[in-house]
Amino acid sequence: MDRYEQVTELARRRGFMWPSFELYGGAAGFYDYGPLGARLKRRIEDIWRRFFVIGEGFAEIECPTIGIEEVFRASGHLSGFSDPLTECKDCKEIYRADHLIKHIVEVPDALSAEEIYRVIKENDITCPECGGELSEVYEFNLMFRTAIGPGNRHPGYLRPETAQGMFINFQRLLRYYRDSLPFGAVQIGRSYRNEISPRQGVIRLREFSQAEAEVFIDPRNKHHPRFSEVKDLRLRLYSREAQERGQVDEMTVGEAVERGIIAHEILAYFVARTYEYLVAVGVDRERLRFRQHKADEMAHYAADCWDAEVLLDRLGWIEIVGIADRTDYDLRSHMALSKANLSVFVHYPEPVRRKRIAVKPDMKALGPRFKGRAKAIAEAIQAMDLSNLKDDTIKVTVDGETYEIERGLVSVEEIEEEIRGEEVVPHVIEPSFGIDRILYTVLEHSYHEEPVEGETRVVLRFLPGISPVDVAILPLMDKDELVEPARRIFDAFRRCGMLAEFDTSGSIGRRYRRNDEIGTPYCITVDYQTLEDGTVTVRDRDTMKQIRIGEDRAVDVIRDLLSGALCFSEAGAPVKA
C-alpha cells in the first residue's frame with residue numbers, strides 16, 4: 001500500500017471523505033466530505049478568507065452556480081472549453097486523445113484535433129484496452145448543460161469556474177469601491193466540469209470547490225504598494241528557463257521581479273501570498289514550488305502565469321493553485337457581447353491641457369431638418385475621418401440610410417481643453433485555488449507513521465487551527481464518577497466555541513490512537529487523581545508527552561497552545577512516562 005492508498009483508506013475509515021452515491025454503486029468524479037472532512041475543509045476555507053478577505057480587504061460575493069448562455073459565450077467556454085476525444089471502433093471505449101500521445105509529443109495540449117489524429121495514425125496507436133482502431137479526434141465541451149425553466153428556449157450551464165461571477169458584476173463592484181482602482185472581489189464555491197476521466201480521488205472531480213480572487217488593477221501601474229512586505233521571501237521557482245535546465249531555482253520574490261522572471265510586482269505579490277497561505281494550512285514547504293507556464297501552454301491573452309505545485313507520493317507534481325495576469329481579456333469580451341461599458345475613468349494626479357481637432361456640426365441647422373435623427377447624424381459626422389470632410393458635400397450613413405450634408409454646416413477647428421483623466425479597461429490578476437486538491441495535499445503532507453511499542457502509530461500532524469478537532473476529552477474509564485467531571489470540561493470547551501470531542505469507547509490507549517489518526521492535537525484525560533486534586537492530564541499528539549494542569553485552566557491552556565502563545569513544556573507539570 002503506497003502513501004496515496006494509506007491516506008485515502010484513512011480518510012474513508014475516519015470520516016474525512018467518502019465516494020458519493022455509494023448506496024447505488026457510486027459515480028466517478030464525485031466525493032462527499034464526512035464529518036471530519038467537512039470541518040477540515042471549512043477551516044482551510046476560513047484561513048483563505050483570513051488571507052484574502054481580511055488581509056487584502058477584498059469583497060466576498062456569492063453568485064449562482066448556474067449561468068446563462070451569454071456569459072459563457074463571452075468567456076469563451078462555449079467555443080473553447082473542451083478536450084479532444086477519440087473512441088475505439090471495436091470496444092467503444094472513449095479516451096482523451098492528447099493523453100495517448102504524451103510519450104510522443106511533449107505538449108500535446110497545443111495541437112488541434114486534426115493534428116492529434118495525424119500523430120495517432122502515423123504512430124499506429126490503437127485502443128489501449130483491446131487494440132482496436134481509434135476514431136477521428138473530436139472536441140468534447142466540458143460544461144454541464146441544462147435548461148432554465150420548462151422547454152429548451154433558455155439553455156443554462158453549471159459554471160466551470162467562479163470567476164465569471166466577478167466579471168459580470170464588475171460595474172456594481174466598481175461602484176461599491178467608489179469608482180476607483182485597484183480593488184478585488186473573491187468567491188468560494190462549487191464549480192463543475194464534466195471530466196472525461198475523473199480519477200485520483202479528489203484530485204480530478206466533476207464537482208469541486210474553488211476559491212478565486214479577481215484583482216482589478218490599473219494596466220499602466222503594476223507596482224504593488226505592499227510589495228516590500230514580501231520581497232525578501234525566498235521561493236522555489238521553476239521558471240521557463242529553469243524548466244529547460246531541469247533545475248528549480250531558489251530566490252527572493254524581489255530578485256525574481258528584478259530579473260524579469262516574474263512579470264511584475266503585483267503578480268509576484270500574489271505568488272508570495274499564495275505561498276504563505278499554503279504553508280499556513282499545512283502544505284510542506286519542501287514539497288512546494290511555483291512553475292511558470294511555458295509559452296505554448298499559456299492562454300493567448302495572458303501576460304504571465306504561475307502554478308503552485310505540490311509533490312505527492314504517487315501522483316508526482318500536481319497543480320493546486322494558478323496565479324495569472326489575465327490582462328483585460330475577460331472585461332473586453334463581456335463588453336463586446338453585452339455592449340456595456342466596463343471601463344474605469346482614472347483621474348490624473350494633476351489635470352493636463354491638450355490640443356485636439358474638434359468637428360462641430362451646426363445643430364441649429366441639422367435639428368429642424370432631421371429632427372429625431374439629427375443627434376445620430378451629428379455623432380456619425382464627428383466619428384468620420386477628417387479626410388472625408390473636405391468635399392463640398394458630406395455623405396454620412398446612419399442605420400443604413402445615407403444623408404448628404406453641406407460642408408458649410410460642419411466646422412473643423414483646433415481647440416485646447418483640460419483633461420482630468422482617461423478611461424481604462426482594468427487588467428485582472430487572478431489567484432485561483434483548488435480547495436479539494438489543497439485538502440488532499442494537507443492530508444498527505446500531514447500523514448506520518450512511526451513504530452510505538454511494537455505497533456505502527458499513524459498520526460495526522462495537522463497544524464494548530466487546522467485540525468477538525470481541537471481537543472478530545474477522555475474519561476479514563478466509562479464510570480459515572482469520571483464521566484461527570486469530563487462532561488463538565490467538555491461543555492466548557494463547547495461554550496467557548498472550540499471543536500471538542502467526547503469519547504468513552506475502548507481503552508485509553510485505543511482512544512489516543514484514534515485521535516492521533518484524525519489529527520487531534522491535544523487529549524485531556526480525566527482520571528482518579530482528578531477527583532482528588534482537580535487536575536487533568538493533557539497529552540500532546542506529536543510527542544506523546546503529558547502534563548498535568550488544573551481542570552479550571554483547561555480551556556485557557558488549550559486555547560493558548562493552539563494559538564502558539566504557550567509552549568507545551570511550560571504549560572503544566574510534566575508527567576513521568
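Phenylalanine 170 is buried, at 1% relative accessibility. The model described here is a predicted one. Phenylalanine 170 is found in helix α7, which covers residues 170–176. Which residues does phenylalanine 170 contact, once its neighbours within four places in sequence are left aside? They are Phe183, Phe216, Leu331, Leu342, Ser343, Val344 and Pro426. Alanine 577, by comparison, lies 62 Å from phenylalanine 170, C-alpha to C-alpha, and the two are 407 residues apart in sequence.

## An open sheet and its helices

Six strands form an open sheet. Their order is β25-β24-β26-β27-β28-β29, and the pairing is mixed. The edge strands are β25 (500–502) and β29 (573–574), each of which pairs on one side only.

Strand β24 (residues 471–475) pairs with strand β26 (residues 522–526) in the parallel sense, over five bridges. Within this pairing, isoleucine 473 stands opposite isoleucine 524 in β26. Strand β24 also pairs with β25, again in the parallel sense, over three bridges. In β25 the bridge partner of isoleucine 473 is phenylalanine 502.

Is β24 buried or exposed? Five of the five residues of β24 are buried, so the strand is largely enclosed by the rest of the structure. Val471, Ile473 and Pro475 point one way from β24, while Ala472 and Leu474 point the other way. All of these residues are buried.

Two helices can be described together with this sheet. Helix α15 (residues 480–495) packs on the sheet and touches β24, β25, β26 and β27 (535–540). The direction of α15 makes about 165° with that of β24. Helix α18 (residues 554–563) lies across β24, β26, β27 and β28 (546–550). Helix α18 runs at about 165° to β26.

## Two helices that cross

Helix α10 (residues 265–281) packs with helix α14 (residues 435–446) at an angle of about 50°, and their axes are 10 Å apart. Angles from 35 to 65 degrees fall in the oblique class, so α10 is oblique to α14. Which residues meet in this contact? From α10 come Tyr277, Leu278 and Val281, and from α14 come Ile435, Ile438 and Val442. The residues of this contact divide into six nonpolar, no polar and no charged.

## Salt bridges

How many salt bridges does the structure hold? The number is 60. The table lists three of them, with the N to O distance for each.

| Acidic residue | Basic residue | Distance, N to O |
|---|---|---|
| glutamate 517 | arginine 13 | 3.0 Å |
| glutamate 422 | arginine 220 | 2.7 Å |
| glutamate 229 | arginine 273 | 2.5 Å |

The side chains of arginine 13 and glutamate 517 meet in a salt bridge. The pair links distant parts of the chain, since arginine 13 is in helix α1 (residues 3–14) and glutamate 517 is in helix α16 (residues 508–518), 504 residues apart. Arginine 13 is partly exposed, with a relative accessible area of 41%. Glutamate 517 has 12% relative accessibility and therefore counts as buried, because the limit for buried is under 20%.

The side chains of glutamate 422 and arginine 220 also meet in a salt bridge. This pair too links distant parts of the chain, 202 residues apart. Glutamate 422 is in strand β20 (residues 410–424), and arginine 220 is in the loop between β11 (207–217) and β12 (234–238). Glutamate 422 is partly exposed, with a relative accessible area of 30%. Arginine 220 is partly exposed as well, with a value of 44%.

Glutamate 229 and arginine 273 form another such bridge through their side chains. Here glutamate 229 is in the loop between β11 and β12, arginine 273 is in helix α10, and the two are 44 residues apart. Glutamate 229 is partly exposed, with a relative accessible area of 44%, whereas arginine 273 is buried, at 10%. Elsewhere, salt bridges that share partners join Glu450, Arg457, Arg461, Arg513, Asp516, Arg539, Arg541 and Asp542 into one network.

## Glycine 509

Where is glycine 509 placed? Its place is in helix α16. Glycine 509 counts as partly exposed, at 34% relative accessibility. The C-alpha atoms of glycine 509 and leucine 476 are separated by 9.7 Å, and these residues are 33 apart along the chain.

Technical notes: Residues are numbered from 1 along each chain as its sequence is written. This is a predicted model: local features need pLDDT of at least 70, side-chain atom pairs count only at pLDDT 80 or more; totals for chains, interfaces and linings use all residues. Side-chain values use heavy atoms; hydrogens and water are left out. Axes are lines fitted to C-alpha atoms, for helices over the stretch in contact, and angles run from 0 to 180 degrees between N-to-C directions. Helices (H or I, at least four residues) and strands (E, at least two) are DSSP runs, numbered from the N terminus. Angles under 35 degrees count as roughly parallel, over 145 as roughly antiparallel, 65 to 115 as roughly perpendicular and the rest as oblique. Contact means heavy atoms within 4.5 Å. Ala, Val, Leu, Ile, Met, Phe, Trp, Tyr, Cys and Pro count as nonpolar, Asp, Glu, Lys and Arg as charged, and the others, Gly among them, as polar. A salt bridge is a side-chain nitrogen of Lys or Arg within 4 Å of a carboxyl oxygen of Asp or Glu. Buried means under 20% relative accessible area, exposed over 50%, partly exposed in between (1.4 Å probe, protein chains only). Two strands pair if DSSP finds at least two bridges between them.
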